[in-house]
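Please open the structure in a viewer and keep the sequence beside it. This tour proposes selections one after another and describes what is found at each.

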Amino acid sequence: KTGLMVSAISLGGHWKRLSAQGPNFDKNRAEIVAKCLDSGINYVDACVGDEIRAYAKALKALGKRDKMYFGFSYCEREVRSAEFRTKKALMKTIEDGLKEVGFDYVDLWRITCHEPGRQHTFGEAFEFVEAAEQAIKDGKCRFFGISSHDRRWLELMVANFPEISVVLTPYTAKSKEKPQESFFDAIRKQDVGLFGLKPFA
């Protein structure tokens, strides 16, 4: 649905240890982003506050914000915590996050949901989607997505909410053949993009 051409391999937000933020950390992140851009990687997926800050800072230092699509999830202020499951709370999360890193918008706001997504009620899902509609309307994000380890729930979500343009879920290369009635077929029918997390796990 997005029309964005995203590199087949993208930059995950995590680094080896969050405690590894030493005196050369900012320089290291800028070097990583520069190497990614030189290699044709054009998407970074930042899913906690530290990652958002680190990669926003790196892109600004390089003057390359317009060269890399930015995936944004401030997961510690999103729907895994009960107090962030309303449209109002989620809008505050994206607004505060953008202000914190000095961005006007992000390309993809992809909230981090429960790994068993079925822990979210259908009413909560409506709140997520209403926040997405508002954020897109206000120009705070271009597209909206959700991340979960629960593929059956993701399938249900994309079937019911056309506002979802992208899903993120773990994927590894262990399977030897394509299963029948695959999750991939289900999301393809809805023209939804897919990021496979942890592909080398």
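Helices (H or I, at least four residues) and strands (E, at least two) are DSSP runs, numbered from the N terminus. The model is predicted, so local features need pLDDT of at least 70 and side-chain atom pairs count only at pLDDT 80 or more, while totals for chains, interfaces and linings use all residues. Residues are numbered from 1 along each chain as its sequence is written, and side-chain values use heavy atoms, with hydrogens and water left out.

**Stop one: a loop residue with positive phi**

Select Asp191, in the loop between α6 (183–189) and β7 (193–197). Its phi is near 60°, a positive value in a residue other than glycine. For comparison, most residues other than glycine have a negative phi.

**Stop two: the loop before α6**

Move to Ser182, which belongs to the loop between β6 (166–170) and α6. Ser182 has a relative accessible area of 5% and is therefore buried; the term means under 20% relative accessible area, with exposed over 50% and partly exposed in between (1.4 Å probe, protein chains only). Add Ser165 to the selection: the two residues are 17 places apart in sequence, and their C-alpha atoms are 18 Å apart in space.

**Stop three: the nonpolar cores**

A nonpolar core is a set of buried Ala, Val, Leu, Ile, Met, Phe, Trp, Tyr and Cys residues joined through side-chain atoms within 4.5 Å. The largest such core here has 49 residues, and those with the most contacts inside it are Phe70, Val106, Trp109, Ile146 and Val167. A second, separate core has eight residues, including Leu4, Leu108, Val166 and Leu197. In soluble globular proteins, nonpolar side chains tend to be buried together.

Now select Val167 alone. Which residues is Val167 in contact with, leaving aside its neighbours within four places in sequence? Among them are Ile146, Leu154, Val158, Phe183 and Ile187. Contact here means heavy atoms within 4.5 Å.

**Stop four: Arg85 and its surroundings**

Select Arg85, in the loop between β3 (69–72) and α3 (87–101). Is Arg85 buried or exposed? Arg85 counts as buried because its relative accessibility is 16%. Its side chain reaches the backbone oxygen of Val79 at 2.7 Å, and a polar contact of 3.0 Å joins it to the side chain of His114. A polar contact is a pair of N or O atoms within 3.5 Å; within protein, one must be able to donate a hydrogen and the other to accept it, and residues adjacent in sequence count only if both atoms are side-chain atoms. Not counting residues up to four places away in sequence, Arg85 also touches Arg80, His120, Glu124, Glu127 and Phe128.

**Stop five: two residues of α4**

From Arg85, go on to Phe128, which lies in helix α4. Phe128 has a relative accessible area of 1% and is therefore buried. Beyond residues up to four places away in sequence, Phe128 touches Val79, Arg85, Leu90, Ile111, Cys113, His120 and Phe144.

Select Val129 as well, in helix α4 (residues 122–137). Val129 counts as buried, at 4% relative accessibility. With residues up to four places away in sequence set aside, Val129 touches Phe161 and Glu163.

**Stop six: Gly13 and the pair α1 and α2**

Select Gly13, found in the loop between β1 (11–12) and α1. Gly13 is buried, with a relative accessible area of 5%. Outside the residues up to four places away in sequence, Gly13 touches Asp45, Ala46, Glu51 and Tyr55.

Finally, display helix α1 (residues 25–38) and helix α2 (residues 49–62), whose axes come within 9 Å and cross at roughly 70°. Axes are lines fitted to C-alpha atoms, for helices over the stretch in contact, and angles run from 0 to 180 degrees between N-to-C directions. The two helices, α1 and α2, are therefore roughly perpendicular to each other; angles under 35 degrees count as roughly parallel, over 145 as roughly antiparallel, 65 to 115 as roughly perpendicular and the rest as oblique. Where they meet, α1 contributes Phe25, Asp26, Arg29, Ala30, Val33 and Ala34, and α2 contributes Ala54, Tyr55, Lys57, Ala58, Leu59 and Leu62.
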